[in-house]
Amino acid sequence: MPEYRTHEYDVLVIGAGGAGLRAAIEASAAGVKVGCVCKSLLGKAHTVMAEGGVAAVIANVDDRDNWKVHFTDTMRGGQYLNNPAMAEIHAKEAPARVLELEAWGALFDRTKDGRILQRNFGGHKYPRLAHVGDRTGLEMIRTLQDHGIHQGIDFHMECTITRLLVHEGRVVGAFGYFRERGQFVVFRAKAIVLATGGIGKAFEITSNSWEYTADGHALAYQAGADLIDMEFVQFHPTGMVWPPSVRGILVTEGVRGEGGVLRNKDGKRFMFEDIPENYRNQTAKDEEEGWRYVQGDKNANRPPELLTRDHVARCINREVKEGRGSPHGGVFLDIAWIKSRVQNGEEHIRRKLPGMYHQFKELAGVDITQEPMEVGPTCHYIMGGIRVDAETQMSTVPGLFAAGECAAGLHGANRLGGNSLSDLLVFGKRAGEYAAKYAQELAIASVGADDQIEQAAAGALAPFGRPDDGDNPFRVQRDLQKMMQAHVGIVRTETEMLAALPALDELEVRASSVPVEGNRDYNPGWHTALDLGNLLTISRAVALSAIYRKESRGAHFREDFPEKDPEAARYNTVVRRGADGSMVLETTPVVPTTEVQKAVIEEMG
Amino acid sequence: MGKATFQIWRGDATNGRFEEYTTDVGDGMVVLDAVHLIQAEQAPDLAVRWNCKAGKCGSCSAEVNGKPRLMCMTRLDDLDLTRPVRIEPMKAFPLVRDLVTDVSWNYAAKKKIKPFKPRKPDAADGTWRMLQEDIDRPQEFRKCIECFLCQNVCHVLREHEKFDEFIGPRLFVYSAALEMHPLDVENRLSDLKKQDGIGYCNITKCCTVVCPEHITITDNAIIPLKERVVDAFYDPIARLFRFARSE
Ligand SMILES: Cc1cc2nc3c(=O)[nH]c(=O)nc-3n(C[C@H](O)[C@H](O)[C@H](O)COP(=O)(O)OP(=O)(O)OC[C@H]3O[C@@H](n4cnc5c(N)ncnc54)[C@H](O)[C@@H]3O)c2cc1C
Ligand code: SF4
Ligand code: SF4
Ligand code: FES
């Protein structure tokens, strides 16, 4: 038997980003014993990087806003593959979740009369994003962290879960290791909430950190849960493109929300040339109207730079491909031009976008108050993930819940900016609440699955015994990223994607024989080797789902099927582990909109 | 593309040394890129913390050529590459391995500070009103990314190791954000004086100098807190006594 420590909880939360912290706080408030683990230190999860804001209908800036508009915006953005029940709950509950943060100490930027200020963002009809400059995620995670540490939750930092324990069809715990000394640990729990974030490390150009190795997606998959919508990977239109070492780092959409415009090398605002039909009556006719919109003119429509991310990313891609890009293979994003329109322009830009100002100044040597930025698409977010019940966030495996980026349903084929931070709060809370309830109602103790603990321990130690074949885990990861970027990236075709499958087989062979140097003490090589399995599993899920969907919709764009197919609007893809251990792909009918929801969508146009 | 040499601390609390690595360097690279390149090509078990690679998470703190820095925000063009670049872990905290230190003390010390406690909501709908100018100051403090570089350079911790009596600049910034929060009604002044040891700070400003978020730690956070503490514990009898003796 391997050596390990054991902890017992009613609810174990895996992940301490916005979703995990919110879930842990709620579960703890229900009076159950809660543990929370995270791969990094507390407060360092991806949520800390979020910039632009959190979407919620507080209607402080434009009182025409209400939940129906937010619901409709979310559904339209998601091209109606969203789970409408989730979109409705989200729109209705987000305001309370954001205001609650204020009661826990958050300090959002203010309107003149002292209420929470809201800003424009792509796909949102009215100014809806509560924010703090361009560091909203930091404010959110710090508020949850500083509140959470006083709620009787046990935090285990720098601890990585590598396996969920399943006994008689329900989860009974999790196995993992502490990064510091590599010791093993078993958490026994009646209910588990996965809040592990995304999969961005499967791609070469990404805004995501080392943590985003698809762990939660893969853990759920291995435990038998359904994953849905895995073909929908969001490429954010504006990542940094130069210098090479910062390629992919995010440039917040807030830049465009504050009036930043996109131009090609000829100085042309190319976004005006390609406005999708279903957004035409919501988009500015000319530059002047667009400017009035960002200035808060309620009668103006938004500039085309604020169309949905999938569309803007593809337009940028097109400009670059057709030779109209910037020197380093992007396009120009210009905020400096607003100096001709606002007083104290430089000061204004620095105040509204302090993070961007410093990021460009320090990393690229570019002063954004004087010159345009160079930007291009970067892998940012996955809409697909663990299939959950809209009310409770329980997955298809009893006792296993999921919230945040690793769960799916709310965003459909494309997520609107700002809808993730609100997602974390709304569904993080629900996951915590219902996980606690499930644990309280469960009469049986969480035992069993000892064989799985042994397997998990053996699996974790396997890389150490391997002969040195000259390969190393970082190289395998890099080759996977390049392969996925090339074959299953922003613009997809059948032949390219079919080539990804044997490439994945080959990478799997390499991953399963990759040797690791050194010992178990804080060893990134070892950690990366263990993460590879998750990345590979989920890359395959993305590829298979993307091959299946023979149309273009939202973030999924196929050059060989550039149009939407009305038939394909009727299903979501499902990936699960088959009885023989191989990956099975199915479809499931989309969750139907209720009559009431239909009426709302029609009414809102 | 050129080449540069790095001397990186390898080892744990009991035993270690600087190892030299030479690697390719290119346009716009930061120290963390070089560390990652070395990790990927030469030393896969080189321990280093990082997350955002954009100065937002405060994970990658280390000492570069003796200066406390975020590795992801330190560009190689700003360093003298004709000589080896020396990268070592923060010195005030116990070493875990290589560039990674045990910073858990900061989390434990924070937990002892009384949490935020808001006044009753201003409006019937349970919300509050705050003017932007009243929150500018606490917002400055809330920019903190908990990199702990300020803790690392403060002599009270680094040299005098007063970890049991002194919470350090980061946590004064945290306390100040709470104390100056327009809604907060908690009183932390007695704790600041006794448990948190604010008196140990002799305003050397080393913390302010290293803060990557450019928070004016001493002038805006510590000095006003010190003044509040003095005002709160101002003792009229002692002053009378002093006054009488100086007559
Ligand atoms: C640069 C950037 C800017 C963004 N800006 C915005 C924005 O303005 N508005 C918006 O709405 N959204 C934004 N997003 C998206 C949003 O920030 C994320 O989708 C969201 O923060 C994800 O939160 P989460 O709680 O699901 O996961 P995270 O915050 O990523 O947390 C995941 C947690 O799980 C832990 N974990 C993962 N795997 C394991 C494991 N195996 N064992 C133990 N723990 C594990 C991690 O350590 C971490 O604590 C942005 C994203 C990025 C990258
Ligand atoms: S000013 Fe005070 S807190 Fe800052 S480094 Fe000096 S002694 Fe430490
Ligand atoms: S105050 Fe500045 S130096 Fe100190 S931890 Fe915060 S960001 Fe780092
Ligand atoms: S990696 Fe986040 S601050 Fe350097």
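Helices (H or I, at least four residues) and strands (E, at least two) are DSSP runs, numbered from the N terminus. This is a predicted model, in which local features need pLDDT of at least 70 and side-chain atom pairs count only at pLDDT 80 or more, while totals for chains, interfaces and linings use all residues. Residues are numbered from 1 along each chain as its sequence is written, and chains are lettered from A and ligands numbered from 1 in the order in which they are written.

**Surroundings of ligand 3**

- Around ligand 3 there are 17 residues (C-beta atom, placed from the backbone, within 6 Å), and Cys144(B), Cys147(B), Cys150(B), Arg170(B) and Cys211(B) come nearest.
- Two or more residues of this shell are given by each of helix 4 (149–153) and helix 6 (168–179) of chain B, and helix 6 of chain B supplies the largest share, 3 residues.
- By class, the shell around ligand 3 holds 13 nonpolar, 1 polar and 3 charged residues, where Ala, Val, Leu, Ile, Met, Phe, Trp, Tyr, Cys and Pro count as nonpolar, Asp, Glu, Lys and Arg as charged, and the others, Gly among them, as polar.

**Surroundings of ligand 1**

- Of the 42 residues around ligand 1, those that come nearest are Gly15(A), Gly17(A), His46(A), Gly197(A) and Gly404(A).
- The elements that each supply at least two residues of the shell around ligand 1 include strand 7 (159–167) and helix 11 (419–441) of chain A, and helix 11 of chain A provides the largest share, 4 residues.
- The shell around ligand 1 divides into 15 nonpolar, 22 polar and 5 charged residues.

**Domains of chain B**

- Chain B is assigned domain 1 (2–101) and domain 2 (104–232), with bounds from an automatic or database domain assignment.
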